[in-house]
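Biologist: I should like a close look at a single part of this protein, namely its strands and the way they pair. Please set that part in the context of the whole chain.

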Amino acid sequence: MPDNAIASLPENITSSPLYNADLAPVPPNQRTWNKWHLAALWVGMAVCIPTYMLSSYMVKSGLSWQAALIIIALANVIISIPMVLNGHAGVKYGLPFPVLGRAAFGTAGIHLVAIVRAIVACGWFGVQTWIGGLAIYAIWNALTGNHASMGLDLGKFLSFAVFWLINIYFIWSGSESIKWLENLSAPFLIVVGIVLIWWCASEAGGYAKVLDQGVQLQKPAAILHKPVNPGSRFKAELTPLLKTDGNAKADEFKIGYSAGTTGAFEKAAWAKIPGDMDATGKLPALKDDEEIEILNGSKPVLLQYRVKTESGYAYSSVSELFMKQDSAEESFGTAWNYVLWLTAMVGFWATMSLNISDITRYAPTQKDQVAGQFIGLPGTMVLYSFIGIFVTCSTVINFPELLIGTDAPWDPVTFFSRFNNPWIVVLTQISMLIATLSTNIAANIIAPANIFSNLAPGKLSFRTGGVLAGIIGIIICPWWLMDEISNLLVFVSGLLGPVLGILLCDYFLIRTKTLDVNGLFKVTGPYAYGGSGYNMAAMIALCAGVITALIGYWVPSLLFLYKLSWFTGFGVSFALYAFLYPRIYSSTSVTKA
C-alpha cells in the first residue's frame with residue numbers, strides 16, 4: 001500500500017467489541033486538515049504560558065538567551081522528527097493512537113500505556129482549565145472594579161465552571177469545531193505576540209537596547225568568593241541590575257547569614273552600594289566551623305537590595321549567594337547544563353508525540369502532515385520563547401523598581417499585573433484565555449477522549465470520552481494540588497520515551513509500515529497475540545526502558561540516565577524490542593497486509 005493511500009476497513013466488523021465509529025478509519029471526504037490547518041493547530045498548542053516561560057528557566061540557570069533559543073529550536077526540530085514519523089500511520093490508515101497501538105502492544109496491552117497518557121492529559125486539562133478560569137475571574141474583576149480574592153471563593157469556581165463548559169463544547173462539537181478554533185486562534189496569537197514586542201521596544205527605546213539587557217538576567221544577585229588568605233573575609237561581588245547609563249538601579253544593600261546565627265540577616269545594616277559595587281569585608285568575622293558551613297553550602301549567605309522611590313522603598317527579594325566555582329568546574333557544569341536542558345525541551349512535547357496520529361488521521365497526504373508539523377511546531381516554540389525573553393528583558397529598563405534578574409516577571413500574568421489600566425488587563429487576559437483554550441483542546445482532551453473510547457468502544461464515544469476526561473480534570477482538584485500535580489506530570493511525561501520507541505520500531509522496522517487494518521479490530525486477530533492481548537516483546541522492552549530511565553533516581557552513580565530519561569528510555573526500548581520480537585514471535589506473526 002502506498003504511503004499516501006487512505007485505508008478503509010476491508011470488511012464489515014461493526015459488531016466487534018473493539019469497534020466504534022469514532023475509532024474507525026477517517027474516510028477521504030473527511031480528510032480536511034491540510035498543512036496550514038496542522039500548522040495552525042501547532043501554533044494554537046504551542047502558544048501558552050509554559051512556552052512563554054521556557055527560556056526563563058535556562059537564563060536563570062546561567063545560559064545566555066541566545067543559547068536558550070538555540071536549545072529550544074534544536075529540541076523542537078528533534079521532537080518533530082518522531083512526531084512526523086509517528087504521524088505517518090495516522091495519515092496512511094486514518095486511525096487514532098489507541099487503535100494503531102494495538103499492533104505494537106496488543107489489543108489489551110495498549111490500555112496500559114494509553115491510560116498513562118490519558119492520566120497525564122487529564123491532569124494537565126485540570127490545571128490549564130483552572131488557569132483559564134482565573135483569566136475569566138480577572139476579566140470580571142477588571143470590568144466590575146472588584147478586588148481579587150487571595151484565597152478560594154465562589155467567583156473563582158464559577159469562572160472555572162464557565163471555562164470547563166467552553167472546553168467541553170468544542171469536544172462535543174467534533175473535529176471541525178476544533179479546526180475552526182485553532183485556525184481562528186493562530187493568527188490572533190501571533191499578532192498579539194508581535195504587538196507585544198513592538199510595544200516593549202517602543203517603551204524601552206529600541207530593540208537592540210532591550211536585547212542588550214539579556215546578559216543582566218543571567219547573573220545572580222551577587223557572587224560569593226572564597227577568602228583569598230586564611231583569616232581573611234568572604235567577598236561578595238554585587239551584581240544588581242544596571243540602568244542604561246551603567247549605574248546600579250539599587251541604592252543600598254544588606255548582607256548576612258541566615259536567621260539565628262552570628263550576623264543574622266534580619267539584623268544586618270543597610271549599606272550604600274559603592275561605585276565599584278565591591279562589598280569586600282561586609283561579612284562579620286566567622287568561627288572556623290561557620291566558615292566550613294558556608295564553604296560546603298550548609299550555612300546560606302543572604303543579600304537584599306532596595307531603592308528609594310516616591311512612595312518609600314522598593315525592595316528586591318532576598319537572595320541566597322552561592323560560592324563561585326573554578327573555571328574547570330564551571331565549564332563542565334555549563335556543558336552538562338546544555339544537555340540537560342535539551343532533554344527537558346525534547347520532553348516538553350514528548351506526550352503529544354505518542355498520540356499525534358489522533359490529529360494526522362484528518363490529513364489527506366503525508367506531505368501535508370510533514371509540512372504542517374515542521375512549519376507549526378519549531379517556529380512557534382522559538383517565536384514565543386523569544387517573545388518571553390524580549391518582554392522580560394524590556395522590564396529591566398521599563399520597571400525602575402526591578403532590582404535583580406531573579407525578580408524579573410518572566411510569566412505574562414505577573415508582567416501584566418503591574419499595569420493598573422483595567423482594559424489592558426481585559427485584553428491581555430482574553431489573549432491568555434484563547435491561548436489556554438487552544439492548547440487545552442488539542443493537547444489535553446483529544447488524546448484521553450480517544451483512549452477512554454478505546455476502553456469500551458461499545459459504550460463510550462469520542463464525545464463521552466472527552467466529557468469523562470473533563471470530569472477527571474475536576475476530580476483532581478487543581479485549585480489545591482496544582483503545583484504538586486504539575487511536578488508529577490512532568491516526571492511521568494519523561495518516562496513515556498520507551499512507549500514511543502516501541503511504537504516506531506514496530507511500525508517502521510518490524511512491520512515496514514504495513515498493518516492489517518481489519519485485524520486491529522478483531523478480538524482473536526493477529527494483534528491478540530495468541531489470545532492474551534499482550535505483546536510480550538513490547539511489555540519486556542517497556543519495562544526495561546522505564547527501569548533504565550528511572551534507576552538513576554535511586555542510584556547516584558547512574559543519575560545521568562535519569563536526567564536523560566527520555567533519550568535513554570527511548571533508545572533501550574527501541575533496541576530491545578527490535579531484538580526480542582523476532583525471537584519471541586515467528587516471522588509469520590509479523591502481519592503485513
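Modeller: In this predicted model, buried residues make up 54% of the 593 residues in the protein. The protein has 23 helices and seven strands. Of the contacts with a separation of 6 or more, 78% are between residues 24 or more positions apart. The accessible surface comes to about 25300 Å², and 65% of that area belongs to carbon and sulfur atoms.

The account of the strands may begin with strand 5, residues 301-309. Seven of its nine residues are buried, so strand 5 is largely enclosed by the rest of the structure. Its pairing partners include strand 3, strand 6 and strand 7, and each can be taken in turn.

Strand 3, residues 252-257, runs antiparallel to strand 5, and six bridges join the two. Within this pairing, Lys254 stands opposite Gln304, and Gly256 stands opposite Leu302. Leu302 also stands opposite Glu320 in strand 7. Strand 7 covers residues 319-321 and is joined to strand 5 by three bridges, again in the antiparallel sense.

Strand 6, residues 312-315, is antiparallel to strand 5 as well, with four bridges between them. A hairpin of two residues leads from strand 5 to strand 6. In this pair, Arg306 of strand 5 stands opposite Tyr315 of strand 6.

Strand 3 deserves a closer description. Six of its six residues are buried. In a regular strand, side chains alternate between the two faces of the sheet. In strand 3 both faces are covered: Glu252, Lys254 and Gly256 lie on one side, Phe253, Ile255 and Tyr257 lie on the other, and all are buried. Strand 3 also pairs with strand 4, residues 271-272, through two bridges in the antiparallel sense. There, Glu252 stands opposite Lys272.

Glu252 and Arg306 give a side-chain link between strand 3 and strand 5. Their side chains meet in a salt bridge, with an N to O distance of 2.6 Å. The pair links distant parts of the chain, since Arg306 in strand 5 and Glu252 in strand 3 are 54 residues apart. With a cut-off for burial of under 20% relative accessible area, Arg306 counts as buried because its value is 12%. Glu252 is likewise buried, because its relative accessible area is 10%.

A search of the whole structure finds three salt bridges. One of them joins the side chains of Arg511 and Asp506 at 2.8 Å, N to O. Arg511 is buried at 0% relative accessible area, and Asp506 is buried at 2%. Another joins Glu176 to Lys179 at 3.2 Å, N to O. These two residues both lie in helix 7, residues 175-204, three residues apart, or about one turn of the helix. Glu176 is partly exposed, at 40% relative accessibility, whereas Lys179 counts as buried at 11%.

Strand 1 and strand 2 form a further pair. Strand 1, residues 222-225, and strand 2 are antiparallel and share four bridges. Ile223 stands opposite Glu237 in strand 2. Strand 2, residues 235-238, has a covered face formed by Ala236 and Leu238 and an uncovered face formed by Lys235 and Glu237. For strand 3, by comparison, both faces are covered.

The nonpolar cores complete the setting. The largest has 98 residues, of which Phe105, Trp349, Met352, Phe521 and Tyr577 touch the most other members. Helix 3, residues 65-93, gives the most to this core, with 10 residues. Leaving aside neighbours within four places in sequence, Met352 is in contact with Trp42, Met45, Met83, Arg117, Ile359, Ala442 and Ala443. A second, separate core has 35 residues, among them Met53, Trp65, Leu189 and Phe399.

Helix 3 also takes part in a nonpolar patch on the surface. The patch is formed by Val77, Ile81, Leu85, Val370 and Phe374, with about 350 Å² of accessible area together. Helix 3 and helix 14, residues 366-398, are the elements that give two or more residues to the patch. Helix 3 gives the most, with three residues. Ile81 lies in helix 3 and is partly exposed, with a relative accessible area of 44%.

Definitions and conventions: Residues numbered from 1 in each chain as written. Predicted model: local features only at pLDDT ≥ 70, side-chain atom pairs only at ≥ 80, totals over all residues. Heavy atoms only, no water. Buried < 20%, exposed > 50% of the residue type's maximum accessible area, 1.4 Å probe, protein only. Pairing = 2+ DSSP bridges. Core = buried A, V, L, I, M, F, W, Y, C linked by side-chain atoms within 4.5 Å. Contact = heavy atoms within 4.5 Å. Patch = residues over 30% accessible without salt bridge, like charges linked within 9 Å, V, L, I, M, F, W, Y side chains within 5 Å. Areas by Shrake-Rupley, 256 points an atom, 1.4 Å probe, with all protein chains shown as cover. Salt bridge = Lys/Arg side-chain N within 4 Å of Asp/Glu carboxyl O.
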